[in-house]
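The following note sets out points for a colleague who is looking at the model. Please read each point with the structure open.

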Amino acid sequence: MQIAFVKCHGSGNDFPLVDARELDLPEDAWVRLARALADRGGPVGGDGLLLLTRGDATHAFGMRMFNSDGSEAETCLNGVRCTARLGFERLGIADARVLLKTSDAEARLQPELAPGVTTIRTRVGPVSTRAADVGLRIAEAEVIDAPIAGLPSARAFTAVAMPNPHLVTFVEQVDEAELVALGDWCEAAPALLPARGNVSFVEVRGSDDAPALFVRTYERGVGLTNSCGSAMAASTYAAARTGRIPFDRETRVFNRGGMVRASATEAAEVTIAGNATFEWEGRIAFDPATGTLGELEVVARRPDEVAAWEAMLAGL
Ligand SMILES: N[C@@H](CCC[C@H](N)C(=O)O)C(=O)O
């Protein structure tokens, strides 16, 4: 079969995005497609696979997201922006509730962050800090700015379910080697965290008047990425919940891939506005039984969008 897709990114978190509303494949075939298309050594590559899926009575469309290891995540907030953009374009709308695996998100087209940068705002929540929702097997009901017994780190963490699982710690300066070691430990599905987790080290930057965060994330099922939207949202909520930034204050959240604007409410809702950049469109033969890919055909390139994003990055 032929798979048509858009190669897109949100804050440098990049994905092949497939309009799967009319594609019915067995579950294991989606896993094979994610592994094949997101393989960095293959013809496409990405941090995972996004599917635009059918909606229901209250959702115009939905999204499924598979990590590059083939595991399916509950959400992907950089991915929701890209998927919502495709849904908006296909349906001729500018806002929607997006159905996710176990939750949903509001998405709306926004004024551009920078000239030529398509921008989508998403709102999710209430997010949960119940340790059980984060998948932590501990006696405490929640972890807010506290060490986690059994984790090989003495740092203080805040555990947040977006609803995908996030462990956030605030640091003076991100130590990537330390982050990777801890992320790898979580990837082994330890008894403490059997469903694994996304781990973020966060620097508080900016000023009281203009708060800013820098987030570096080791993603479950992927490894270090340029950016993770649900991690930026979890970090924003954790920073507000622990008094590092005010609630309801728009905060610039930087990462290796770019920047989004985010805020969190006391009622645990988180809003993120960021880019949804379409870089090129392609088509590739895929054998659902074996996961084998054929030759890649690039059908359209979007140099203007790529340039607009690069200009925005240069101005940060
Ligand atoms: N990059 C994503 C999150 C993708 C899923 C994550 N790795 C998980 O398994 O929970 C984002 O932008 O939120």
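**Notes on side-chain contacts, cysteines and internal space**

1. Arg155 lies over the face of Phe201, at 5.5 Å from the ring centre. A second arginine is placed in a comparable manner: the charged end of Arg85 sits over the ring of Phe278, with 4.0 Å to the centre of that ring. The model is a predicted one, and these distances are to be read as computed values.

2. The aromatic pairs come next. A pair of aromatic rings is described by the distance of the centres and the angle of the planes. The count for this model comes to two aromatic pairs. One of them joins Phe5 and Trp280 in an edge-to-face arrangement, 5.5 Å centre to centre and with 70 degrees between the planes. Phe5 belongs to strand β1 (residues 2-10) and Trp280 to strand β17 (residues 277-287), so the pair ties together parts that are 275 residues apart in sequence. Both Phe5 and Trp280 are buried.

3. Phe61 and Phe88 also form an aromatic pair that is edge-to-face, with 6.1 Å centre to centre and 70 degrees between the planes. This pair links distant parts of the chain, since Phe61 is in strand β4 (residues 61-67) and Phe88 is in helix α2 (residues 77-91), 27 residues apart. Both Phe61 and Phe88 are buried.

4. Helix α2 also contains Leu91. Is Leu91 buried or partly exposed? Leu91 counts as partly exposed, because its relative accessibility is 38%. Between Leu91 and Ala60 there are 8.5 Å in space, C-alpha to C-alpha, although the two are 31 residues apart in sequence.

5. How many disulfides does a search of the whole structure find? The search finds zero disulfides. Cys8 is in no disulfide, and the nearest cysteine sulfur, that of Cys82, is 3.7 Å away. The cut-off for a disulfide is a pair of cysteine sulfur atoms within 2.5 Å. Cys8 is buried, with a relative accessible area of 0%.

6. Why is Cys186 without a bond to Cys228? The closest cysteine sulfur to that of Cys186 is in Cys228, and it is 14 Å away, which is too far for a bond. Cys186 counts as buried because its relative accessibility is 0%.

7. With regard to enclosed space, the count comes to one cavity of 30 Å³ or more. About 70 Å³ of space lies in the largest cavity. Its lining includes Met65, Asn67, Ala73, Thr75, Cys76 and Asn164, and Asn198, Glu219, Arg220, Cys228 and Ser230 are also among the lining residues. By character, the lining of the largest cavity divides into four nonpolar, five polar and two charged residues. Cys228 thus appears in two settings: in the lining of this cavity, and as the residue holding the closest cysteine sulfur to that of Cys186.

8. Open space is considered last. The largest pocket holds about 160 Å³ of space. Which residues lie nearest the centre of the largest pocket? They are Ser103, Gly125, Pro126, Met162 and Pro163, out of 14 residues that line the pocket. The lining of the largest pocket divides into seven nonpolar, five polar and two charged residues.

Methods: Residues are numbered from 1 along each chain as its sequence is written. This is a predicted model: local features need pLDDT of at least 70, side-chain atom pairs count only at pLDDT 80 or more; totals for chains, interfaces and linings use all residues. Side-chain values use heavy atoms; hydrogens and water are left out. Buried means under 20% relative accessible area, exposed over 50%, partly exposed in between (1.4 Å probe, protein chains only). On a 1 Å grid over the protein atoms alone, a cavity is a set of points where a 1.4 Å probe fits but cannot get out, and a pocket is an open set with protein on both sides within 12 Å along at least five of seven lines; lining residues have an atom within 4 Å of a point. Grid points are joined across faces, edges and corners, and a volume is the space filled by probe spheres set on the points. Ala, Val, Leu, Ile, Met, Phe, Trp, Tyr, Cys and Pro count as nonpolar, Asp, Glu, Lys and Arg as charged, and the others, Gly among them, as polar. Rings of Phe, Tyr and Trp (its six-membered ring) pair if their centres lie within 6.5 Å; planes under 30 degrees apart count as stacked, over 60 as edge-to-face and the rest as tilted. Helices (H or I, at least four residues) and strands (E, at least two) are DSSP runs, numbered from the N terminus. A charge sits over a ring if NZ of Lys or CZ of Arg is within 6 Å of the ring centre and within 35 degrees of the ring normal.
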